[in-house]
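Biologist: I have the sequence and the model open side by side, and I would like a close look at one part of it. Could you start at one loop and walk me through the helix that follows, and then show me how the rest of the chain is put together around it?

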Amino acid sequence: MSSATGSRIVVTGATGNVGTSVVRLLSEDPEVGSVLGLARRIPRWSPPKTEWAAVDLASEQAELVGHFSGADAVVHLAWAFQPTHDPARTWRTNVLGSIRVFEAVATAGVPVLVHASSVGAYSPGPKNHAVDESWPTHGWPDAAYCREKAYLERALDTFERDHPGIRVARMRPAFLFKRESASEQRRIFGGRFLPGPLARPELLPFLPDVPGLRVQALHTDDAAGAYRLAVRSDDARGAFNLAAEPPVDAETLGGMIGVRPVRLPRTAARTAIAAAWGLHLLPASPHLFDAVLRLPLMDCTRARAVLGWHPERTAIEVLEEFLQGLQQGAGAETEPLRGRKVG
């Protein structure tokens with residue numbers, strides 16, 4: 001992909017949790033000549049070899065072809081998690097906006113598209129063993145996030161059929177965390193008024209142990225490393241599972257922070273979440289909770305074999321860093337990642 005001046009990479013959603021890590025890694029890559037970050041709001045952050053452009057993918061007037069023209073690859077990360085009470089609005093950004101990106105990639109003649117799919121695209125699956133990329137991707141239909149990720153998997157099936165000359169890689173990471181994302185993720189999933197210090201173990205009398213609540217985690221920088229490899233490798237086609245070991249459940253988390261797990265029935269946990277969500281006290285919907293309980297564990301053999309990728313941090317190290325970030329109100333110099341403790 002490289003030329004005398006290095007490759008030109010465009011990144012959508014470049015100021016969020018994943019985008020900031022991807023942009024930083026690409027800007028440090030000697031084979032990359034320039035990075036164009038697209039975001040709704042231009043940040044103060046200025047990594048090397050990086051320029052910015054303001055683009056709102058929810059807008060039908062979003063100019064994408066001009067930004068993509070001459071690019072060696074487009075890394076599509078843009079995603080809106082909120083508002084969960086207005087799924088039509090997230091659909092406009094996430095699904096219709098993504099389809100605009102795919103169409104613009106084809107129109108501009110970009111040879112490589114790396115798309116941010118997710119473990120959330122997978123149909124319900126096992127918690128006692130891992131599945132590979134052939135597991136069905138129909139999502140959990142009640143959860144907007146999963147529904148949208150699964151729909152885009154079908155859209156990419158059609159895109160690849162119609163544009164066989166474009167190399168498409170679909171990255172399916174587990175839940176992604178880093179210290180700098182703590183404030184953003186607290187606002188997205190816990191709400192603006194949930195104070196980060198509540199993550200202090202000594203303030204928790206017990207840890208709810210809900211049946212099925214066993215998931216995988218990954219450091220955002222490790223995921224970004226896989227994205228960079230997918231951009232550079234001519235063999236990187238199709239889907240790639242991305243996760244760190246070990247899988248995390250209440251026993252693992254309780255042992256990590258020194259808090260005793262206590263069994264809590266699914267119905268009790270869901271009822272509490274649904275009540276808080278219905279009162280607009282909790283941004284994360286009970287439908288997403290339902291999906292998390294059903295997500296399969298992922299086998300990442302293909303990412304190791306094809307990309308040469310492996311995570312540098314364990315899931316325990318990832319969560320320890322994230323919890324520290326929560327307590328400290330950590331953030332970064334972009335609007336989505338701004339640090340903020342309460343309110």
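Modeller: Happy to. Let's start at Pro83, which sits in the loop between β4 (73-76) and α3. Helices here are DSSP runs of H or I with at least four residues, strands are E runs of at least two, and both are numbered from the N terminus. Please keep in mind that this is a predicted model, in which local features need pLDDT of at least 70, side-chain atom pairs count only at pLDDT 80 or more, and totals for chains, interfaces and linings use all residues. Residues are numbered from 1 along each chain as its sequence is written, and side-chain values use heavy atoms, with hydrogens and water left out.

What makes Pro83 worth a look is its backbone: the peptide bond that links Gln82 to Pro83 is cis, with omega near 5 degrees. From that loop you step into α3, residues 87-108, which packs on α4, residues 144-162. The angle between the two is about 20 degrees and their axes lie 10 Å apart. The axes are lines fitted to C-alpha atoms, for helices over the stretch in contact, and the angles run from 0 to 180 degrees between N-to-C directions. α3 and α4 are therefore roughly parallel; that label covers angles under 35 degrees, while over 145 is roughly antiparallel, 65 to 115 roughly perpendicular and the rest oblique. Their crossing is right-handed, meaning that the near helix is turned clockwise from the far one by less than a right angle, with anticlockwise giving a left-handed crossing.

Now for the side chains between them. On the α3 side, the residues that meet α4 include Pro87, Trp91, Val95, Ile99 and Phe102. Among their partners in α4 are Ala144, Glu148, Tyr151, Leu152, Ala155 and Phe159. Contact here means heavy atoms within 4.5 Å. The residues of this contact divide into 13 nonpolar, 3 polar and 2 charged. For that count, Ala, Val, Leu, Ile, Met, Phe, Trp, Tyr, Cys and Pro are nonpolar, Asp, Glu, Lys and Arg are charged, and the others, Gly among them, are polar. An α-helix has 3.6 residues a turn, so residues three or four places apart point the same way.

Another helix pair offers a useful contrast. Helix α1 (residues 17-28) packs on helix α6 (residues 220-232) at about 55 degrees, with 8 Å between their axes. That angle makes α1 oblique to α6, and this crossing is right-handed. The α1 residues in the contact include Asn17, Val18, Ser21 and Leu25, and those of α6 include Thr220, Asp221, Ala224 and Tyr227. By class, the contact of α1 with α6 holds 6 nonpolar, 4 polar and 3 charged residues.

Thr220 in α6 is a good place to pause. With a relative accessible area of 0%, Thr220 is buried; buried means under 20%, exposed over 50% and partly exposed in between, using a 1.4 Å probe and protein chains only. Thr220 touches Asn17, Val18, Ser21, Leu176, Phe177 and Lys178, leaving aside residues up to four places away in sequence. The C-alpha atoms of Thr220 and Val18 are separated by 5.9 Å, although the two residues are 202 apart along the chain.

Helix α1 also helps to cover α5, together with β8 (175-177) and α11 (315-328), among others. Helix α5 (residues 182-190) has 8 of its 9 residues buried, including Glu184, Arg186 and Arg187. Just after α5, Gly191 takes a positive phi of about 105 degrees.

A few loops have backbone features of their own. Glu245 and Pro246 are joined by a cis peptide bond with omega of about 0 degrees, and Pro246 lies between β11 (238-242) and α7 (250-257). Lys49 is not a glycine but has a positive phi of about 60 degrees, and at 35% relative accessibility Lys49 counts as partly exposed.

Stepping back, the protein chain has 11 helices and 13 strands. Buried residues make up 50% of its 343 residues. Its radius of gyration is 19 Å, which agrees with the value near 20 Å for a compact globule of 343 residues; the radius is taken over C-alpha atoms, and the globule rule is 2.2 Å times the number of residues to the power 0.38.
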